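Here are a few short exercises to try with the model open beside you. Have a go at each task before you read its solution.

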Amino acid sequence: MRMAMDDQNRDLVPEEESSVSEHEQEKQLGFSMLAKLALAVAVTASLVISISCLMQFNELQKEKEEYQKKLDYYEEKIGRLQYYINQDMDDEYIAEYAREYLGYYYPDEEIYYNDDKK
């Protein structure tokens, strides 16, 4: 049986024990590297997924804002139409309807247009 010198204790240790511990150290080192690689892959994958979700969330927020604007517009339009529905069918109602929707006006009436839009 051959003897190998252990550097830390400076004792004689059988060579078989020394090679076994080196083999175990290599095995642990390989496992450690594999664990680090798996962790790096997991972190990278989670970052990619997170960024993708954030981008999709932002797109959905923009869509929501657009739909909210449309909803506000149609709610206002419904309010105006409901006002006309609730009005009595008298001459004033007919004149207002003709003025707003048909562009009619009385011959002695002066019309001013405002081109400033806010």
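## Exercises on a predicted model

Helix 2 is followed by Gly103, and the phi angle of Gly103 is positive, near 75°. Keep in mind that this is a predicted model.

**Exercise 1. Find which secondary structure elements the chain has, and in what pattern they follow one another.**

Step 1: Count the elements; the chain has two helices and two strands.
Step 2: Read along the sequence, and the pattern comes out as β-β-α-α.

**Exercise 2. Check whether the span of helix 2 agrees or disagrees with the expected value.**

Step 1: Helix 2 covers residues 91–102, which makes twelve residues.
Step 2: The expected span is 1.5 Å times one less than the number of residues, so helix 2 should span 16 Å.
Step 3: The end C-alpha atoms of helix 2 are 15 Å apart, which agrees.

**Exercise 3. Work out which residues of helix 2 are buried.**

Step 1: Use the cut-off: a residue is buried if its relative accessible area is under 20%.
Step 2: In helix 2, this picks out Tyr93, Ala95 and Ala98.
Step 3: For the wider view, 6% of the chain's 118 residues count as buried.

**Exercise 4. Find the salt bridge and say which parts of the chain it ties together.**

Step 1: Searching the whole structure gives one salt bridge.
Step 2: Its partners are the side chains of Glu109 and Arg99, with 3.1 Å from N to O.
Step 3: Arg99 is in helix 2 and Glu109 is in the segment after helix 2, so the pair ties together parts that are ten residues apart in sequence.
Step 4: Now look at accessibility. Glu109 has 25% relative accessibility, so Glu109 counts as partly exposed. Arg99, at 36%, also counts as partly exposed.

**Exercise 5. Describe the nonpolar patch and the negative patch on the surface.**

Step 1: The nonpolar patch is made of Leu81, Tyr97, Tyr101, Leu102 and Tyr104, and together they have about 500 Å² of accessible area.
Step 2: Helix 2 gives the largest share of this patch, three residues. One residue that lies in helix 2 is Leu102.
Step 3: The negative patch is formed by Glu59, Glu63, Glu65 and Glu66.
Step 4: Take Glu63 as an example. Glu63 sits in helix 1, residues 15–86. With 38% relative accessibility, Glu63 counts as partly exposed.

How values were computed
Residues are numbered from 1 along each chain as its sequence is written. This is a predicted model: local features need pLDDT of at least 70, side-chain atom pairs count only at pLDDT 80 or more; totals for chains, interfaces and linings use all residues. Side-chain values use heavy atoms; hydrogens and water are left out. Patches are made of residues with over 30% relative accessible area and no salt bridge: like charges are joined within 9 Å, nonpolar side chains (Val, Leu, Ile, Met, Phe, Trp, Tyr) within 5 Å. Accessible areas come from the Shrake-Rupley method with a 1.4 Å probe; for residues, only the protein chains shown count as cover. A salt bridge is a side-chain nitrogen of Lys or Arg within 4 Å of a carboxyl oxygen of Asp or Glu. Lys and Arg count as positive and Asp and Glu as negative; His and the chain ends are not counted. The place of a charge is taken as NZ of Lys, CZ of Arg, CG of Asp or CD of Glu. Helices (H or I, at least four residues) and strands (E, at least two) are DSSP runs, numbered from the N terminus. Buried means under 20% relative accessible area, exposed over 50%, partly exposed in between (1.4 Å probe, protein chains only).
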